[in-house]
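Below is a short briefing on a ligand site, a surface patch and one further residue. Please read it alongside the sequence and the coordinates.

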Amino acid sequence: MNRITTLDDCRIINLRKISDVRGNLTPIEANEDIPFGIKRVYYLYDVPGGECRGGHAHKALYQLILAVSGSFTVTLDDGKKRNSFMLNRPYQGLLVVPGIWRTLENFSSGSVCLVMASEKYDENDYIRRYDEYLFFKNVSI
Ligand code: TYD
């Protein structure tokens with residue numbers, strides 16, 4: 001399944017925004033607002049200007065990537081097509097399914113990238129070399 005996933009399986013999810021005079025609140029409920037259970041949350045912050053994160057794919061992991069503060073660009077690649085998403089709204093998350101190569105860059109100063117993940121950290125779930133990724137996706141170079 002993860003070998004045949006494409007960019008079409010990834011999408012922006014518009015989360016609820018509950019607003020009142022005290023400000024905004026966005027809830028995320030596993031298997032309701034997003035199509036997976038959450039086993040792990042992590043966040044990237046204090047990313048120096050010009051740095052690039054990601055640069056890998058996962059074999060089984062689903063993720064929702066959010067710019068809870070500031071902005072950055074996520075580029076997704078399925079071995080055949082590439083698409084970039086500028087994330088800059090705390091109520092919009094990018095759903096990344098298993099088997100998609102991703103890079104994150106152009107972090108604005110003070111930005112925070114929050115990631116909801118379907119599994120605990122497992123280095124064996126990573127594909128960190130792009131040639132290995134293309135082999136995994138059965139794309140000939
Ligand atoms: P990495 O996944 O390479 O970061 P990014 O996707 O932002 O480029 O992880 C960087 C380091 O952090 C690496 O040594 C693994 C460790 N790490 C954890 O221990 N737990 C986690 O949940 C994550 C995402 C990374």
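A polar contact is a pair of N or O atoms within 3.5 Å; within protein, one must be able to donate a hydrogen and the other to accept it, and residues adjacent in sequence count only if both atoms are side-chain atoms. An oxygen atom of the ligand lies 2.8 Å from a polar backbone atom of Gly54. The model is predicted, so local features need pLDDT of at least 70 and side-chain atom pairs pLDDT 80 or more, while totals for chains, interfaces and linings use all residues. Residues are numbered from 1 along each chain as its sequence is written, and side-chain values use heavy atoms, without hydrogens and water.

**Ligand site**
- Around the ligand (a heavy atom within 4 Å) are Arg40, Tyr42, Leu44, Arg53, Gly54, His56, Tyr121, Tyr126 and Arg128.
- Polar side-chain atoms of Arg53 and Tyr126 lie 2.9 Å and 2.6 Å, respectively, from an oxygen atom of the ligand.
- The ligand alone has 530 Å² of accessible area (Shrake-Rupley, 1.4 Å probe), of which the protein covers 61%.
- Strands E4 and E5 (53-58) each supply at least two residues of this shell; strands are DSSP runs of at least two residues, numbered from the N terminus.

**Surface patch**
- Val41, Tyr43 and Tyr45 form a nonpolar surface patch with about 340 Å² of accessible area together.
- Tyr43 belongs to strand E4 (residues 40-45).
- Patch residues have over 30% relative accessible area and no salt bridge (a side-chain nitrogen of Lys or Arg within 4 Å of a carboxyl oxygen of Asp or Glu); nonpolar side chains (Val, Leu, Ile, Met, Phe, Trp, Tyr) are joined within 5 Å, like charges within 9 Å.

**Thr103**
- Thr103 lies in strand E10 (residues 101-105).
- The C-alpha atoms of Thr103 and Thr73, 30 residues apart along the chain, are 8.1 Å apart.

How values were computed:
Helix = DSSP H or I, 4+ residues; strand = E, 2+ residues; numbered from the N terminus.
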